[in-house]
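Got the viewer open and a selection box ready? Let's walk through this one stop at a time, going from the whole chain down to single residues and back out again.

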Amino acid sequence: MIQREEMTENNLQTLLKQLPAVDRLLEEPAIMTCLCQAPRQVVTDAIRDTLAEAREEIMRTGHSGKGDELHPATLALKAVRLAEIRLRPSLRRVVNATGTLIHTNLGRAPLSRAALQAVESVAISYSNLEYNLEAGERGKRHAHVEELLCRLTGAEAATVVNNNAGATLLALSAMAQGKEAVVSRGELVEIGGSFRMPEVMNAGGVIMREVGTTNKTHLRDFRQAIGPETALLLKVHTSNYRIVGFTEQVPSVDLVRLGREHHLPVMEDLGSGMLLDLSVYGLPREPTVRETVQAGIDILTFSGDKLLGGPQAGIILGRGEAVERIRRHPLARALRIDKMTLAGLEATLRHYLNPEEALREIPVLRMLAISPEQTRGRCEKLLAILRQEVAQPLHAKIIPETSRVGGGALPLTELPGFAIAITPQGMSADRLAQRLRAAAPQVIGRIQEDRLLFNPRTLAEGEEELLAACLKQALHQE
Ligand SMILES: *Cc1c(COP(=O)(O)O)cnc(C)c1O
C-alpha cells in the first residue's frame, strides 16, 4: 500500500507502456516455434493472459519484478510455458513406484493387454453392445459378461453397473426400498470418497436396522431384529480395517440359514471380491466369490478394479429373480456400465477361465505374486540403471520394505519385499518427490524419514528406464 502511494501515476503509466503488444510477441522466436505445433488461438490466448498477469502485477506492486520481466523474450517464454500446460492432457500416465497395488488415487488396477485391445476395438467402431447378432434383434448389454461370470462363480445370474458403490446402492434399493435391512454394527464401513454404508442405505431409501456391537454380533442379534418391516439381511466386507481381539461376526452361511427360516433374502457387499484362492502366495485365505455364492447368499456385489484387476465396474451376482429385480429398478439405467468398460471387463474375466493365464496376464495378480527375493532382484537391476543414468554419486540403498495391497482390499495383508531408498543431497526428499511429480512421465514414490522410496513391485515392464530418466531430470534441475 505504502509503495503504491509513493508511486506516481506517471511511473505506473511508464511501466505499463513498456508492456509489448500481442502482435509484437507473436514475432518472438519462441512463439514462432510454438506456433508450429500449437493452435494459434491457444497461443494468442496464452500471450494475452501472460500480458494481463504482468499488468496486474505492476498495478498491484507498483514495479515489474526482478528486472527483465517486461522483456518481450521473457514474456514470450512465459506464454509458451502457459500454452504448453494448457495443451497437455490433464489425465495422464504416471509411474507408480509406491508399491501399493490398488491405489485409488492412481487409478486402481492397470489393465491387461487383452483388456486394452478389447476396449480399443469397441471404442473405435460400432459394436453389438445391445444387439443380438444371431437373432438380428435388440439384445442385452449385460449378456456379454453374464454367462462368463456365472461360469466363473457358480452364480445363477449376473449383471454389471458403473462401480461397486453403485452396485450396493442399486441392490439395496431394489431389495429393501421403504423397508428395513438388518446389518451388524461391526460392519458399518466407510470406504472413503464418501461411501459410508449408513448413508448409502439412506440414499437408497432403506431403513437401517443395526444390531450387535462394534466388536461382537451374534446370530441371535439378527434373529431378534427381524420383524414385519424387515426386507433384507446384509453383510459387508470390512475391506479397509479389521476388528481384532474379542470379536465375532456372523458367517455368511449362518446368515443365509436365518434368512431362509424367515423367507428373507441375504445380501453381501464383498468389496474387492477375488475369483482365485490367493493362499498359494502365502496370503491370508479369504473366501473366493465362488465360495460366497456356495454359501447361498442371494445377492453379492464387488468391484471390477480392485483385486479382480479390470476396469472400474460393479459386479452383481446372485439368484435369478433377485438379479432380475435389480435389473428392472429405475436406478439400473442411471448406473449402467459403458461399452468400453464392458469390453475391458469381459476380456479381464476371460483370463480367469484359465487361472494360470489370469496370473500371467492380469497386472495386479502378477504384482501380487512377486516374491520378496524377486523384488530384491528388481531393486538391484533398478539401482544399476539409476546409477548409470544419473551419472553422479547417488545416495541410495536397498532396504526391506512392505507393500500394501491398498484400495480397501486385504487390509492387514503385508507383502514383504525390498525397495530403493534415496537420500537426496542438497534438497529434501519432499522437494525431490515434487520434482519427480513435475517430470514426464510423472513418478510417484513414497516418502519415509526424509528418504524417497521406490518400490519395484508396482513398476510395469520397461518403467525402470522411465523412472531413471525422470530421476536424472529431477536431480539435475536447477
Ligand atoms: C471398495 C468398496 C466399495 C466401493 O466400491 P467402488 O468400486 O469403489 O465403488 C463398496 N463396499 C466395499 C466393502 C468396498 O470395499
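Here is the tour, starting with the overall view.

**Stop 1: the whole chain.** Keep in mind that this is a predicted model. Show the C-alpha trace and line it up on its principal axes: the span is about 90 × 55 × 50 Å. In cartoon view you can page through 21 helices and 17 strands. Of the 478 residues, 49% are buried. If you like contact maps, take the contacts between residues at least 6 apart in sequence: 75% of them join residues at least 24 apart.

**Stop 2: colour by domain.** Select 2–87 for domain 1, 94–103 plus 368–476 for domain 2, and 113–361 for domain 3. Put a pseudo-atom at the C-alpha centre of domain 1 and another at that of domain 2, and the distance between them comes to 39 Å.

**Stop 3: one end of a long line.** Select Gln18, which sits in helix H2, residues 9–18. Is Gln18 buried, partly exposed or exposed? Its relative accessible area is 46%, so it counts as partly exposed. Now draw a C-alpha to C-alpha line from Gln18 to Phe195: the two are 177 residues apart in sequence and 55 Å apart in space.

**Stop 4: Thr168.** Phe195 turns up again here. Thr168 belongs to helix H9, residues 164–176, and its 0% relative accessibility makes it buried. Show what surrounds Thr168: beyond its neighbours within four places in sequence, the contacts are Phe195, Met197, Met267, Asp269 and Thr301.

**Stop 5: strand E4.** Select residues 157–161. All 5 of the 5 residues are buried, so the strand is largely enclosed by the rest of the structure. Look at one side and you find Ala157, Thr159 and Val161; flip over and you find Ala158 and Val160, with both faces covered. Add strand E12, residues 314–318, which pairs with E4 in the antiparallel sense over 5 bridges. Which residue of E12 is the bridge partner of Ala157? Zoom in and you'll land on Gly318.

**Stop 6: helix H8.** Keep E4 and E12 on screen, since both are among the elements that cover the buried residues of H8, along with helices H13, H14 and H16. The buried residues in H8 are Val145, Glu146, Leu148, Leu149, Cys150, Leu152 and Thr153. Just after the helix comes Gly154, with a positive phi near 80°.

**Stop 7: the largest nonpolar core.** As a rule, nonpolar side chains in soluble globular proteins tend to be buried together. The largest core here has 54 residues, and Leu233, Leu317, Leu349, Tyr352 and Leu368 have the most contacts inside it. H8 gives the most to this core, with 5 residues. Check your domain colours too: domain 2 and domain 3 each put in at least three residues. Centre on Leu233 and, leaving out residues up to four places away in sequence, its contacts include Val182, Phe222, Leu255, Pro265 and Met267. A second, separate core of 30 residues includes Ala171, Leu172, Ala176 and Ile326.

**Stop 8: the largest pocket.** Switch to a surface for the last stop. The largest pocket holds about 1100 Å³ of space. It is lined by 32 residues, and Arg108, Ala109, Pro110, Leu111 and Pro363 lie closest to its centre. To see which elements shape the lining, select strand E1 (94–96) and helices H7 (113–123), H16 (339–351) and H18 (363–368), each of which supplies at least two residues.

Note on methods:
Residues numbered from 1 in each chain as written. Predicted model: local features only at pLDDT ≥ 70, side-chain atom pairs only at ≥ 80, totals over all residues. Heavy atoms only, no water. Domains from an automatic or database assignment. Buried < 20%, exposed > 50% of the residue type's maximum accessible area, 1.4 Å probe, protein only. Helix = DSSP H or I, 4+ residues; strand = E, 2+ residues; numbered from the N terminus. Pairing = 2+ DSSP bridges. Contact = heavy atoms within 4.5 Å. Core = buried A, V, L, I, M, F, W, Y, C linked by side-chain atoms within 4.5 Å. 1 Å grid on protein atoms, 1.4 Å probe; cavity = no way out; pocket = protein on both sides within 12 Å on 5 of 7 lines; lining within 4 Å. Points joined across faces, edges and corners; volume = space filled by probe spheres on them.
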